[in-house]
Amino acid sequence: MRFYHFWFEPASECVRLALGAKAIEHERIIPDYDDDETFFELGVARQAPVLLWDDGRVHTDSQIILRALDAYRPDPPLFGPLQDAQWQALQAWRAQAAGLLERLHAPVRPAYRGLGDHPSHLASYKASLAARFGVSLEELANDRYGAYAQLDALTQFKALGAFLAQHRFYAGTFSAADVLLATDLFALQLQDGITLPIDIMYYFERVQDVCGVNLRDGLIGG
């Protein structure tokens, strides 16, 4: 099994957590940011995650990968602890929060290896942001307080932290919801001047402990 991974992509880190939780042996490959050739050979556009199975299957959607990993190695279960209503509520929040999360993730991606430590990769990334958002990386960074305030209004971080402190995990037991939620929120703390509630920080630690994975591994100097 080969796992193609970018440190700076939350969806990649989500799959890394799941592989760690299930202790699945795999070869992790970290392509260059502009390595189109590798992805062309896989038959997909340049993106991460990509999971290449031993039987030749190629998966690129993180949630499809999570379900496939659950089928491949059922223990510990990623979806068994989740009630359908809990999963649907998380999916609804993620759909609403997607644009805000992307605006908040974008300025901190250069803090990760493979992007911020490579001048040409960083230049390409900045150009892609300008084309996508119509603003510069610096302008997105300057907008962080407004974007975070909107996300907080949608999420209610203090209440979320209290819920997670009481129940320890989203469904009371570690599940797929936790690898998604932890990687959606983890990078927000890298923004200057933004502080997540301490209960959410402790939640990150619990998720990392279950998975045997440190989400700071990919940070430059981390």
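## Fold and dimensions

The chain holds 10 helices and 4 strands. The model is a predicted one. Read from the N terminus, the elements follow the order β-α-β-α-β-β-α-α-α-α-α-α-α-α. The radius of gyration is 17 Å, close to the 17 Å that the globule rule gives for 222 residues, so the chain is as compact as a globular protein of that length.

Along the principal axes, the C-alpha trace spans about 45 × 45 × 30 Å.

## Packing and contacts

Buried residues make up 48% of the 222 in the chain. Sequence-distant contacts are well represented. Of the contacts between residues at least 6 apart in sequence, 69% join residues at least 24 apart.

## Surface and charge

The exposed area of the chain is about 10400 Å². Carbon and sulfur atoms supply 50% of that area.

Charged side chains number 19 positive and 29 negative. The centres of these two sets lie 4 Å apart.

## Aromatic pairs

A pair of aromatic rings is described by the distance of the centres and the angle of the planes. The chain has 10 aromatic pairs. One of them joins Tyr33 and Tyr125: the ring centres are 6.3 Å apart and the planes stand at 80 degrees, so this pair is edge-to-face. The pair links distant parts of the chain, with the two positions 92 residues apart in sequence numbering. Tyr33 sits in the loop between β2 (27–29) and α2 (36–42). Tyr125 belongs to helix α5 (residues 119–133). Both Tyr33 and Tyr125 are buried.

Phe186 and Phe204 form another edge-to-face pair, at 5.4 Å centre to centre and 65 degrees between the planes. This pair also links distant parts of the chain, its residues lying 18 apart. Phe186 is in the loop between α9 (176–185) and α10 (198–211), while Phe204 is in helix α10. The relative accessible area of Phe186 is 6%, so Phe186 is buried. Phe204 has 1% relative accessibility, so Phe204 counts as buried too.

## Aromatic cluster

Five residues make up one aromatic cluster: Phe6, Phe8, Tyr33, Phe39 and Tyr125. Tyr33 and Tyr125, the edge-to-face pair described above, are thus both members of this cluster. Through Tyr33 the cluster includes a residue of the loop between β2 and α2, and through Tyr125 a residue of helix α5.

Definitions and conventions. Residues are numbered from 1 along each chain as its sequence is written. This is a predicted model: local features need pLDDT of at least 70, side-chain atom pairs count only at pLDDT 80 or more; totals for chains, interfaces and linings use all residues. Side-chain values use heavy atoms; hydrogens and water are left out. The radius of gyration is taken over C-alpha atoms; the globule rule is 2.2 Å times the number of residues to the power 0.38. Buried means under 20% relative accessible area, exposed over 50%, partly exposed in between (1.4 Å probe, protein chains only). Contact means heavy atoms within 4.5 Å. Accessible areas come from the Shrake-Rupley method with a 1.4 Å probe; for residues, only the protein chains shown count as cover. Lys and Arg count as positive and Asp and Glu as negative; His and the chain ends are not counted. The place of a charge is taken as NZ of Lys, CZ of Arg, CG of Asp or CD of Glu. Rings of Phe, Tyr and Trp (its six-membered ring) pair if their centres lie within 6.5 Å; planes under 30 degrees apart count as stacked, over 60 as edge-to-face and the rest as tilted.
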